[in-house]
Amino acid sequence: MVVGESDFRHQVEDDIRPFRDVLLGLFFVTVGMEVNPSTVLVAPMAVLVWMIACLAGKALVMILVGAIMRWPAPAGARAALILAHGGEAGLLLLTQAMRVGAIEPSVGQPALLALAATMALGPMLIQGSARFAELVVGASHRVKADAEEAAIREESQDLTDHVILCGCGRVGRPVSLVLEAANAPYIAVESDLIRFRRAKKSGHKVVFGDAGRKRVLEAAGVARAGIVVVTFDRRHAVERILHYAREHNPTVSSIVSAADDQDTACTGGSQYRISRERRSRPGTG
């Protein structure tokens with residue numbers, strides 16, 4: 001630890017790495033020798049209960065931590081699954097507790113075997129964590145998305161030959177002021193919560209949603225729109241918006257903000273292109 005705080009720490013780390021690997025293997029071998037495999041035959045239900053308690057208990061703790069830290073739901077679900085299995089510290093504590101007589105072997109052996117089994121399941125849990133997170137939060141996200149789309153559809157239901165303003169930030173707000181001054185019907189779609197609240201407070205007709213999603217554009221009435229205005233320069237998002245817009249309304253005109261002349265190629269058949277230099281933070285609408 002003392003050497004680790006010095007300028008020689010990198011060299012020392014390289015020198016002791018082989019010993020670390022050897023000692024790690026030795027640790028697992030010695031702990032494994034403490035496990036009695038016949039426990040599965042003697043007390044299978046106890047092993048199963050300990051496995052469920054370990055996996056469910058650690059996952060629940062991580063879910064609570066994620067809620068306290070206000071992690072996004074997908075991140076919390078993935079963290080809970082990735083960290084649900086047992087670890088080396090648990091093996092060490094159980095073996096030492098049985099050695100000093102703090103835990104009876106009839107209790108410690110099933111727990112030790114269950115902990116080792118959860119460690120064996122660890123790689124599979126980590127590999128499937130992304131899919132699990134999608135399944136857990138998919139339903140809640142779908143409900144949230146349906147609510148957003150319903151709100152957008154309600155705002156745009158009376159609009160025809162209107163302007164869909166994708167982004168209501170640094171560029172989008174001045175554009176909305178021009179549209180309001182010209183009494184042109186429009187609806188702005190903003191995905192950033194701070195910019196959405198700022199635009200809403202300014203009195204603009206803005207709804208919260210991601211204009212790069214097909215269902216959001218449908219809810220905004222892209223099939224009835226006259227012009228689609230994209231005020232940000234995120235190339236892939238712009239391409240996706242224009243593709244969806246022309247799929248539902250081949251005659252719709254488009255005005256696209258591009259970072260430079262090279263990015264204007266992504267707009268394809270857009271009738272208008274706004275090319276500007278990156279003097280400020282890119283990607284803002």
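**Salt bridges in a predicted model**

Mentor: In this predicted model, Arg213 and Glu149 form a salt bridge whose closest N and O atoms lie 2.7 Å apart. The two residues come from distant parts of the chain, 64 residues apart, with Arg213 in the loop between strand S3 (206-208) and helix H10 (214-219) and Glu149 in helix H7 (residues 129-156).

Trainee: Why is the contact between Arg213 and Glu149 called a salt bridge?

Mentor: The closest N and O atoms of Arg213 and Glu149 are 2.7 Å apart, and because the rule asks for a side-chain nitrogen of Lys or Arg within 4 Å of a carboxyl oxygen of Asp or Glu, the pair qualifies. Glu149 and Arg213 also belong, together with Arg215, to a network of salt bridges.

Trainee: What makes Glu149 count as buried or exposed?

Mentor: Glu149 has 2% relative accessibility, and since buried means under 20%, Glu149 is buried. Arg213, at 26%, is partly exposed, because that value falls between the 20% and 50% limits.

Trainee: How do you know that Arg235 and Glu239 meet in a salt bridge, and where do they lie?

Mentor: Their side chains come to 3.4 Å, N to O, which is within the 4 Å limit, so the pair is a salt bridge. Both residues sit in helix H11 (residues 235-248), and because they are 4 residues apart there, about one helical turn separates them. Arg235, at 37% relative accessibility, is partly exposed, and Glu239, at 30%, is likewise partly exposed.

Trainee: How many salt bridges does this rule give?

Mentor: The count comes to 7 salt bridges, including the one between the side chains of Arg20 and Asp21, at 3.4 Å from N to O.

Key
Residues are numbered from 1 along each chain as its sequence is written. This is a predicted model: local features need pLDDT of at least 70, side-chain atom pairs count only at pLDDT 80 or more; totals for chains, interfaces and linings use all residues. Side-chain values use heavy atoms; hydrogens and water are left out. Buried means under 20% relative accessible area, exposed over 50%, partly exposed in between (1.4 Å probe, protein chains only).
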